[in-house]
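Me: I am new to this structure and should be grateful for a close look at a single part of it. Please treat that part in one connected account.

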Amino acid sequence: MRLSVPGPRSLAGQLFAMQAVLIAVVVAGYALFSYVSDRSQAEEAATRQARAVARSVADSPSVLAATRTADPSAELQPYALKVMRDTEVDFITIMDPRGIRWTHPDPQQIGQTFQGHTEQALRGRTFTETYTGTLGASVRAVTPIQDGPRVVGLVSAGIRVEEITQRVQDQLTALLGVAAGALVLGAVGTYVINARLRRHTHGMNAAELSRMHDYHQAALHAVREGLLMLDGQYRVALINDGGRELLGVAGDVVGRSVAELGLPAPLTGALLASEPRVDEVHLTASRVLVINTSPVSGGERRGTVVTLRDVTELQSLMGELDSERGFTQALRSQAHEAANRLHTVVSLIELGRAEEAVEFATAELELAQALTDQVVAAVSEPVLAALLLGKTAQANERGVELMVSEDSSLDDGLLPESLPARDLVTILGNLIDNAVDAAQGSVRARVTVAAYTRTSDDTPELVLRVSDTGPGVDPEHAEAVFQRGFSTKPAGPGGRGLGLALVRQTSQRHGGSLTVAEADGGGAEFEVRLPLREPGTAAEGVPSGASAARGAGGDA
């Protein structure tokens, strides 16, 4: 036979047992207190009743007159019995000053000596006592019958202790009934409350709840991803360390509304949305975040669970990949053009027109070399030079002329380590892609790029300017074009409205600015100004390699 050891009771069960015991103890204590109190009150009431009856009998003129007769018992016995019935006392004994009874409930006791104390009454005082006489223990009052100053007799009226006990027991029976009802009602109420508590705690005991809380806290602080829980009024109910870091909030934010956290408007709108959000990309001042929101299930709206992932480095790698892809496409297009030119040269030679073949090949070589010399002379920084050459080939394929302005001058080694080349690729690549998209299809489609350094307010800065011959930017949208998700172009597979937002984010992270204006020949002109810091003076808390670059494939 196997004996099973019962496991620890659930928290609701423990509370029910404690509350049941507490109610039982309270009810039992109240019953005991009431019993003692009622008994004391009953004895006091019996004493007052006996005293009042004794005084009334002693003060009766007929009693005083009967004491003067030869046989007081003949008149006093019927009178005493009648008063006993009317006042509900157990006995009234009238006696002479020596204690010889004139009346008694038991006629055989008439003429016998009174059992009790009479000294104080003989001195003219009324007193009470509990004494055991012929009828048993009783609470009695003894008072004198006075004829002027002289005591001519005594009256004793009393109620048996047994009768007092019976009265208390009758009250106690009613009290126990009320106490039992209170106990049952309390038990039912406790059971209902604990049944509800059991549902909320899923039947777990205190140790299990404590252990779950410890696991909960450990998990919150261990995960690197951000976790944010909002209540039904979109106030922060819980946020872990990762969430604070990714959102850039500090201090005690629990209980504050999402709208009060100072987050970018698109991100705040996503957190306040009632419908779920899945893998949405949002920008903060220095990070690219992917957010997912899910409402908490259950009847009414109980809140929202938000998860945050930092994809800043991933976006940086994607930007570098897009740049490399752009370079590859540029090389492919150049290889295609070179193959066409080579076929032309071979064909001219086969036709016996060698001189024309040499002239054609020389002209093409001079044109390619002139373009390369122009770009390298203006921008000798290798990464930016390669980017411009690749973008030039891509723009030519799309019928857009990409030019580097004559005032461009950017020497190799001029840029500090705090301004990595990948961030410049993010900025310039996205601006050129947007400009080519805007200029394509226009008359004499052209994109002009300028890159140079200058000193402004004793601070050296890098200026990157890209203008196009497209339709330009509506002044009403001059600020909106930099917001995540805004685009005047049809959405592609990867979405739109991220390129210029990344350009602004990258510029602001390095303490720079991004503006848009109308170009001299029409179209739009975007200008980025970046302060040139010496190595080691980068903005505190912003690692130089942590870029949100999306690269050359970005768009607005």
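Which residue takes a positive phi just after α12?

Reply: The model discussed here is a predicted one. Just after helix α12, the residue with a positive phi is G441, at about 95°.

The helix that precedes this residue merits a description of its own. Helix α12 covers residues 421–439. Its 19 residues, at 1.5 Å a residue, should span 27 Å, and the C-alpha atoms at its ends lie 26 Å apart, which agrees with that expectation. As to its surroundings, 15 of the 19 residues of α12 are buried, a term that denotes under 20% relative accessible area; the helix is therefore largely enclosed by the rest of the structure.

One partner of α12 is helix α13, formed by residues 499–509. Two packed helices are described by the angle between their axes and the distance between the axes. For α12 and α13, the axes come within 9 Å and cross at roughly 145°. The crossing of these two helices is left-handed.

The residues that make this contact can be named on both sides. From α12 they are D423, T426, I427, N430, L431 and N434. On α13, the contact is made by G499, L500, V503, T506, S507 and R509. In character, the residues of the contact between α12 and α13 divide into six polar, four nonpolar and two charged.

In summary, α12 is a largely enclosed helix that crosses α13 with left-handed geometry, and G441, with its positive phi, comes just after α12.

Methods. Residues are numbered from 1 along each chain as its sequence is written. This is a predicted model: local features need pLDDT of at least 70, side-chain atom pairs count only at pLDDT 80 or more; totals for chains, interfaces and linings use all residues. Side-chain values use heavy atoms; hydrogens and water are left out. Axes are lines fitted to C-alpha atoms, for helices over the stretch in contact, and angles run from 0 to 180 degrees between N-to-C directions. Helices (H or I, at least four residues) and strands (E, at least two) are DSSP runs, numbered from the N terminus. A crossing is left-handed if the near helix is turned anticlockwise from the far one by less than a right angle, and right-handed if clockwise. Contact means heavy atoms within 4.5 Å. Ala, Val, Leu, Ile, Met, Phe, Trp, Tyr, Cys and Pro count as nonpolar, Asp, Glu, Lys and Arg as charged, and the others, Gly among them, as polar. The expected span of a helix is 1.5 Å times one less than its number of residues. Buried means under 20% relative accessible area, exposed over 50%, partly exposed in between (1.4 Å probe, protein chains only).
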